[in-house]
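Here are my notes on the structure you sent, set out as numbered points. Please read them with the sequence and the coordinates open beside you.

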Amino acid sequence: MTTAPLEPPIVRMPELAGDIWLNGEPPTPEQLRGRVVLIDFWDYSCINCLRTLPYLREWHRRYAGKGLIVIGVHAPEFRFARDPHQLEQAARELELAYLILLDNGFETWGRFANRAWPTKYLVDSGGYIRYRHQGEGRYAETERAIQLLLRQRDPDVTLPEILPALRPEDAPGAVCYRATAELHTGATAGLFGGTLGNAEGYALDAPIMYELPPREQRRPGAFYLEGFWQAAPEHFAFAGQEGGWLAVPYDGAGANAVLSPSGDEVALRLGLLPDRERRVLVKQDNAWLTPANAGRDIRIDDDGLSYVDVIRPRLYELVRNDDFGRHELQFVVQASGVAVYTFTFTSCVRAGG
C-alpha cells in the first residue's frame, strides 16, 4: 500500500477570515491547536465540488472523534450563492454536518493563495499545511494523508480501513474521456470570446429575439437560443412568455446546468423567489428523456414528457447516459425569468460502459 505524500512542515495555515459560519460557532485558535484540520474550498453550484462531498461527509463521520476537524470554505462563484439562506438550504440538502465558513469576499481564498474549486488542504496538529489536492479524485490518497497526520498526532489512535470507491466511476477500471468544457452563458464570458453560438450576440440593455441555427451548424463548445432572451453578466434569462428554446451540443456521459427560477439579483438576495417553480422541458437529441438516461432532477409525466422544476438557484443534474458520446441537450422554456448560468458535462463512465 502506497502512502500519501506529505509536504514538509514549512507553511503555516493562514488565519480563517469571516464571521458567518454554519453548523456551529467559529473555532477558536485553542480549539484548532493540536487537531488535524481539513480545509475544503468549494461552491454549492460547482459539479466538481459536489462530487467530492460524499467523501468529505464520510471522513467527517469517521474521524471527527479521532482528532480531525473538517471546515468547508464556501467561496461563491455566482452572486446568488452569497446568500447565507441559500447556502444553509444547500448544506441541509447535501447533509453537511461539519463547519462551513462563508467566504463571500474571497479573503480566506486569498490567504491560502487558492486557485480553483474544489481544493483540499490538510493541516497537521502543529498548524502546518502538509498536503493539498486540487480537483476531484485521489480520495484514497487523501484519506491516507488524513490517517498519517492523525497517527502523528496520536500513535495509539485506532483507524478504519481506507474507504472503497463510493461511486462506480471512481472505482479502478473506470474510463474518463475528454468532455466538452464548462460553458458559462453570461455576458462576462462573452468578453473573453463567449460561448453563445447565435449570430445576434450579447446585449445587456434589452432582450433580443434569437433565431436557432440549423442543427448541422451547431457544435459542442457553444449554446444556442431561440426566442426572446436577456443577457446579464452571469446568466441568460428567458424574457418571453412561451417558445423559448436552448440547445447545447456536447461530448460527455452526462449533462448538468446551474439554473434559477429568476435572474433578478436583487430579488434573489432578498429571498423574493417566484411563488411557484418554473418548469423547463428537457430533451436529448430531440427525444424525451427516459428512466434509463434521466438525471436525478428530471421528472417524467404520464405522457412521457421529461422536465425539471426549477425551484431555487442551484445545479440540476439533467442527463446521465450509460456511455460517453456526442449529444445535444435541448430546453423548452415557457416561464419568463428562468435564468441559465452554466452547463457542465461528466466525462467518466464505470468499467465496462
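1. I begin with A203, in what is a predicted model. A203 sits in the loop that runs between α6 (187–190) and β9 (208–210), and because its relative accessibility is 17%, under the 20% cut-off, A203 counts as buried. Setting aside residues up to four places away in sequence, A203 touches I208, Q230 and A231. The C-alpha atoms of A203 and N256 are separated by 25 Å, with the two positions 53 residues apart along the chain counted as their distance in sequence.

2. A second buried loop residue is F78, which is placed between β3 (68–74) and α3 (84–93) and counts as buried at 4% relative accessibility. Once neighbours within four places in sequence are left aside, F78 is in contact with S45, H184, E234, V258, Y341 and T342. For F78 and D43, which are 35 residues apart in sequence, the C-alpha to C-alpha distance is 9.1 Å.

3. V349 belongs to strand β19, which covers residues 348–349, and with a relative accessibility of 5% V349 counts as buried. Which residues does V349 touch, not counting those up to four places away in sequence? They are E169, A174, V175, Y177, A253, D322, D323 and F324. The C-alpha atoms of V349 and L281, on the other hand, are separated by 26 Å, the two residues being 68 apart along the chain.

4. T158 should be read against these buried positions, since at 59% relative accessibility, over the 50% cut-off, T158 counts as exposed. T158 is found in the loop between α5 (139–153) and β7 (175–176). Although T158 and K66 are 92 residues apart in sequence, their C-alpha atoms are 8.2 Å apart in space.

5. Backbone geometry deserves a look in the loop between α4 (107–111) and β5 (119–123), where P118 has its place. The peptide bond that joins W117 and P118 is cis, with omega at about -20 degrees. A113 lies in the loop between α4 and β5 as well, and A113 has a positive phi of about 55 degrees although it is not a glycine. With a relative accessibility of 56%, A113 counts as exposed.

6. A positive phi of about 55 degrees is also found at R138, again a residue that is not a glycine. R138 is placed in the loop between β6 (129–134) and α5, and at 53% relative accessibility R138 counts as exposed. I would ask that the text describing the backbone mention R138 together with A113, given that each has a positive phi of about 55 degrees.

7. As to the chain as a whole, the protein has 7 helices and 19 strands. Its radius of gyration is 22 Å, close to the 20 Å that the globule rule gives for 353 residues, so the chain is as compact as a globular protein of that length. Taken along the principal axes, the C-alpha atoms fill a box of roughly 65 × 45 × 40 Å.

8. Burial and contact order can be taken together. Of the 353 residues in the protein chain, 52% are buried, and A203, F78 and V349 each count as buried. Among contacts between residues at least 6 apart in sequence, 75% join residues at least 24 apart. The chain exposes about 16500 Å², and carbon and sulfur atoms supply 49% of that area.

9. My last point concerns the second largest pocket, which holds about 410 Å³ of space. How many residues line the second largest pocket, and which of them lie nearest its centre? The lining consists of 21 residues, and M13, P14, E15, P29 and L32 are the ones that lie nearest the centre of the pocket. By residue class, the lining of the second largest pocket divides into 10 nonpolar, 6 polar and 5 charged residues.

Definitions and conventions. Residues numbered from 1 in each chain as written. Predicted model: local features only at pLDDT ≥ 70, side-chain atom pairs only at ≥ 80, totals over all residues. Heavy atoms only, no water. 1 Å grid on protein atoms, 1.4 Å probe; cavity = no way out; pocket = protein on both sides within 12 Å on 5 of 7 lines; lining within 4 Å. Points joined across faces, edges and corners; volume = space filled by probe spheres on them. Nonpolar A, V, L, I, M, F, W, Y, C, P; charged D, E, K, R; others polar. Helix = DSSP H or I, 4+ residues; strand = E, 2+ residues; numbered from the N terminus. Rg over C-alpha atoms; globule rule 2.2 N^0.38 Å. Buried < 20%, exposed > 50% of the residue type's maximum accessible area, 1.4 Å probe, protein only. Contact = heavy atoms within 4.5 Å. Areas by Shrake-Rupley, 256 points an atom, 1.4 Å probe, with all protein chains shown as cover.
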